[in-house]
Amino acid sequence: MKVLCICPIGIGNYLLFYPACKLINSLMPGVELHLLALRNSIQDLAADDPMWKKIHCMDPTKIQSAGKRISFIRQIKSECYDASLSFFPSNNWQYNLLPFLCGIKERFAFRYPLKHLSSLSFLNNRKIHIDSSLHDLRQNVNLSALFLERDLHEQELFFPKLFSPEDETRAGEMLKTALPRRVAIHPGSSAEHGMDIKRWDPKRFGLLADKICRKLGAEALIFGGPDESDLKKQVASVMEEKHRIIEPVDIRLTAALIKQCSLCLCNDSGLMHIAACMEIPVAAVFGPTDEKRNGPVGKNNLIIRKEMPHFPLWNARNVGVRSVPKGIDPQASLKVLTVDDAWVVVEPWLNSIFMLTD
C-alpha cells in the first residue's frame with residue numbers, strides 16, 4: 001500500500017505532522033509512505049529519513065509555469081497511490097485538488113468550519129471534523145487515527161532527528177569560544193502571506209535577551225535567515241551582554257547550533273518548533289496567532305503574550321482565512337508588549353527551570 005503524506009508549508013508544519021506519520025509507519029509497517037514537501041527546507045529536513053520511501057518536492061512559489069505544474073501532477077499520478085493524507089492546516093483548494101487530479105482513491109482530510117466550496121474540500125472522500133480545542137500536533141494524530149481505524153491517544157509520539165553527527169561536530173567547532181551557557185535568539189519568522197506581523201520589535205528582543213543573559217551568565221546567539229539580517233543587527237545594537245550574530249547556515253546545522261543552547265527566545269516560528277522538538281526550553285512571543293493551536297510542544301516552555309480583546313486573531317476555527325477584522329491592528333498586542341511586561345513572566349520562569357534564586 002502506498003500513501004502520499006501532504007505536508008503544509010513551513011518547517012513548523014513538518015515537525016507537527018511528523019509524529020502522526022511516524023505512528024502509521026510503526027503501527028502499519030507494510031505501508032509505504034511518500035512525502036509531498038511544498039518547500040525545499042522541508043525536503044532538506046526530511047532527506048535521509050528512512051521513514052520516507054520517496055520525497056516529492058514542489059515549491060509553488062518557485063514553479064510558475066503551467067507546464068511544470070502539469071508535469072509534476074503527472075509524476076504524482078504515475079505513482080498510483082492508494083491513499084493521500086492532507087495534514088493540518090490545509091484548508092486551501094490546492095491541497096484538495098491535487099489528490100483528486102492524481103486519481104488517488106482514498107483522500108483523507110479535515111472537515112474545516114469555513115471555505116467549504118472555495119477550498120474544494122468536497123473533493124475529499126474520507127474526512128474528519130477538527131477539534132478546535134486541540135493543538136495542530138493532535139489534529140494530525142487524529143487524521144492518522146482515521147486512516148488506521150484505531151485510537152491513538154495513548155501512543156507515544158516521536159519527532160525526527162534534525163541533524164547528523166557531522167552537523168553536531170561543526171556546531172561544536174563554531175561555538176568552541178562561546179560561554180558554557182548560551183541563549184538562542186530568533187527575532188524573525190516566516191514572512192509568507194504577510195506573516196511577518198508575528199514579529200515582536202527586535203530591539204525589545206535585544207533588551208529582553210540582555211536581561212536573560214545577565215541573569216544566566218550566558219552568551220546570546222542571534223539566529224535568522226538571509227532576509228532577517230537587519231532584524232539580527234537591531235537585536236545586537238541594544239545588547240550589552242556577550243552576543244554574536246550567527247550567519248545563515250543550512251537548516252540541519254542551525255538545529256545543531258540551537259541544540260547547544262540552554263533556552264530559546266523567539267517569535268512563533270519554525271525555529272521555535274525546532275528548539276521545542278529537541279526539548280530546549282522555549283520562551284515564545286505570541287501576538288496574532290494562537291499558541292493553543294501551534295505553540296511550542298513539550299514541557300518547560302513559556303508563552304509571552306499581552307492579553308487583548310480579539311486576540312489571537314487566527315485559531316483552529318478560522319483555518320484558511322487570513323483576513324483581519326475591520327478596525328483591528330494585527331500587531332496591536334505585540335506593540336503594547338513591553339520588555340518589563342515580558343520580564344515579569346520570564347524571570348520566575350528562569351528561576352524555575354534553572355533552579356535559581358533571586
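Buried, throughout these legends, means under 20% relative accessible area, with exposed over 50% and partly exposed in between (1.4 Å probe, protein chains only). This is a predicted model, so local features need pLDDT of at least 70 and side-chain atom pairs count only at pLDDT 80 or more, while totals for chains, interfaces and linings use all residues. Residues are numbered from 1 along each chain as its sequence is written, and side-chain values use heavy atoms, with hydrogens and water left out.

**View 1. Helix α9 is largely enclosed by the rest of the structure.** Helices (H or I, at least four residues) and strands (E, at least two) are DSSP runs, numbered from the N terminus. Eight of the nine residues of α9 (residues 251–259) are buried: look for Ile251, Arg252, Leu253, Thr254, Ala255, Ala256, Leu257 and Ile258. Their packing partners are α1 (11–27), α2 (40–46), α6 (165–174) and α10 (270–277). At the N-terminal end, aspartate 250 acts as the cap, with a side-chain oxygen 3.1 Å from the backbone nitrogen of arginine 252.

**View 2. Tyrosine 14 sits in the largest nonpolar core.** A nonpolar core here is a set of buried Ala, Val, Leu, Ile, Met, Phe, Trp, Tyr and Cys residues joined through side-chain atoms within 4.5 Å. This one has 71 residues, and those touching the most other members are Tyr14, Phe17, Leu33, Leu35, Trp52, Phe147 and Ile274. Helix α1 gives the largest share, ten residues. Skipping residues up to four places away in sequence, tyrosine 14 touches (heavy atoms within 4.5 Å) Cys7, Leu35, Ile42, Leu45, Ala46, Asp49, Trp52 and Pro160. A second, separate core of 30 residues includes Cys213, Ile222, Val339 and Phe354.

**View 3. Arginine 305 is buried, with a relative accessible area of 14%.** You'll find arginine 305 in the loop between β12 (302–304) and α12 (332–335). Its side chain makes a polar contact with the side chain of glutamate 291 (2.7 Å). The term covers a pair of N or O atoms within 3.5 Å; within protein, one must be able to donate a hydrogen and the other to accept it, and residues adjacent in sequence count only if both atoms are side-chain atoms. A polar atom of the arginine 305 side chain also lies 2.6 Å from the backbone oxygen of threonine 289.

**View 4. Cysteine 5 and cysteine 21 don't bond.** Their sulfurs are 3.9 Å apart, too far for a bond, given that a disulfide is a pair of cysteine sulfur atoms within 2.5 Å. Cysteine 5 is buried, at 0% relative accessible area. Searching the whole structure turns up zero disulfides.
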